[in-house]
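Biologist: I would like a close look at one part of this protein. Please take me through one helix and its surroundings, step by step.

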Amino acid sequence: MTMELYLLGWTLALAIVQILLPAMYRNRETGLDYNAGPRDKEGPPMGVITGRLFRAQKNLFETLPLFIGAILIAHVGGQEGAMTAWGAWLYFLARIVYVPLYAMGIPYVRSMVWGISLLGLVLVILPVIF
């Protein structure tokens with residue numbers, strides 16, 4: 001298996017973690033009975049960290065389909081190389097760093113890390129389109 005596919009697998013594992021984290025925090029806020037029920041009524045207001053974790057999850061899910069597609073196209077098209085490997089690493093590592101930065105509410109650095117993940121995505125896409 002190539003490094004790019006390996007990192008895609010770990011990125012999907014990160015996506016699962018990012019599904020579970022805000023759910024666990026929300027569970028603490030609403031209680032298990034509410035969360036297991038039909039949720040017909042509004043629960044208590046979402047906490048600050050829970051909200052941040054949900055937004056970080058949404059942010060990952062905005063670019064994840066592009067990353068998946070780019071990695072798979074590069075693999076099927078035989079375009080994997082140093083640039084796609086660097087891109088996959090940058091995307092994956094930046095996405096890991098992004099979660100705690102967002103949860104802690106750290107501005108600017110969080111945006112810079114997001115930019116690094118986007119650069120990684122571009123590095124994977126470039127060999128595919130050129």
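Modeller: What follows starts with the whole chain and then moves to helix α4.

Keep in mind that this is a predicted model. The protein chain has five helices and zero strands. From the N terminus on, the order is α-α-α-α-α. The C-alpha trace spans about 50 × 30 × 20 Å along its principal axes. Of the 130 residues, 35% are buried. Now look at the contacts with a separation of 6 or more. Residues 24 or more positions apart account for 76% of them.

Now to α4. This helix covers residues 82–103. It has 22 residues and reaches 32 Å from its first C-alpha to its last. That is close to the 32 Å expected at 1.5 Å a residue.

Go to A103, which is found in α4. Is A103 buried or exposed? A103 counts as buried because its relative accessible area is 18%, and the cut-off for buried is under 20%. Which residues does A103 touch, if you leave aside its neighbours within four places in sequence? The contacts are I49, R52 and L53. The C-alpha atom of A56 also deserves a look. A56 and A103 are 47 residues apart along the chain, yet their C-alpha atoms are separated by 7.9 Å.

Step just past the helix. Right after α4 comes G105, with a positive phi of about 75°.

Next, turn to the surface. The protein chain has an accessible surface of about 7,700 Å². Carbon and sulfur atoms hold 72% of that surface. A nonpolar patch lies on the surface, formed by M1, M3, Y6, W10, W89, L93, I96 and V97. Together these residues have about 820 Å² of accessible area. Which helices supply at least two residues each? They are α1, residues 3–30, and α4. The largest share comes from α4, with four residues.

Why might one helix offer several residues to a single patch? An α-helix has 3.6 residues a turn, so residues three or four places apart point the same way. Check the patch members W89, L93, I96 and V97 against the model with that in mind.

Finish with a patch residue from the other helix. Y6 lies in α1. Y6 is partly exposed because its relative accessible area is 41%, and partly exposed runs between the 20% and 50% cut-offs.

So keep two pictures of α4 in view. A103 is buried and belongs to this helix. The helix also gives four residues to the nonpolar patch.

Definitions and conventions
Residues are numbered from 1 along each chain as its sequence is written. This is a predicted model: local features need pLDDT of at least 70, side-chain atom pairs count only at pLDDT 80 or more; totals for chains, interfaces and linings use all residues. Side-chain values use heavy atoms; hydrogens and water are left out. Buried means under 20% relative accessible area, exposed over 50%, partly exposed in between (1.4 Å probe, protein chains only). Contact means heavy atoms within 4.5 Å. The expected span of a helix is 1.5 Å times one less than its number of residues. Patches are made of residues with over 30% relative accessible area and no salt bridge: like charges are joined within 9 Å, nonpolar side chains (Val, Leu, Ile, Met, Phe, Trp, Tyr) within 5 Å. Accessible areas come from the Shrake-Rupley method with a 1.4 Å probe; for residues, only the protein chains shown count as cover. A salt bridge is a side-chain nitrogen of Lys or Arg within 4 Å of a carboxyl oxygen of Asp or Glu.
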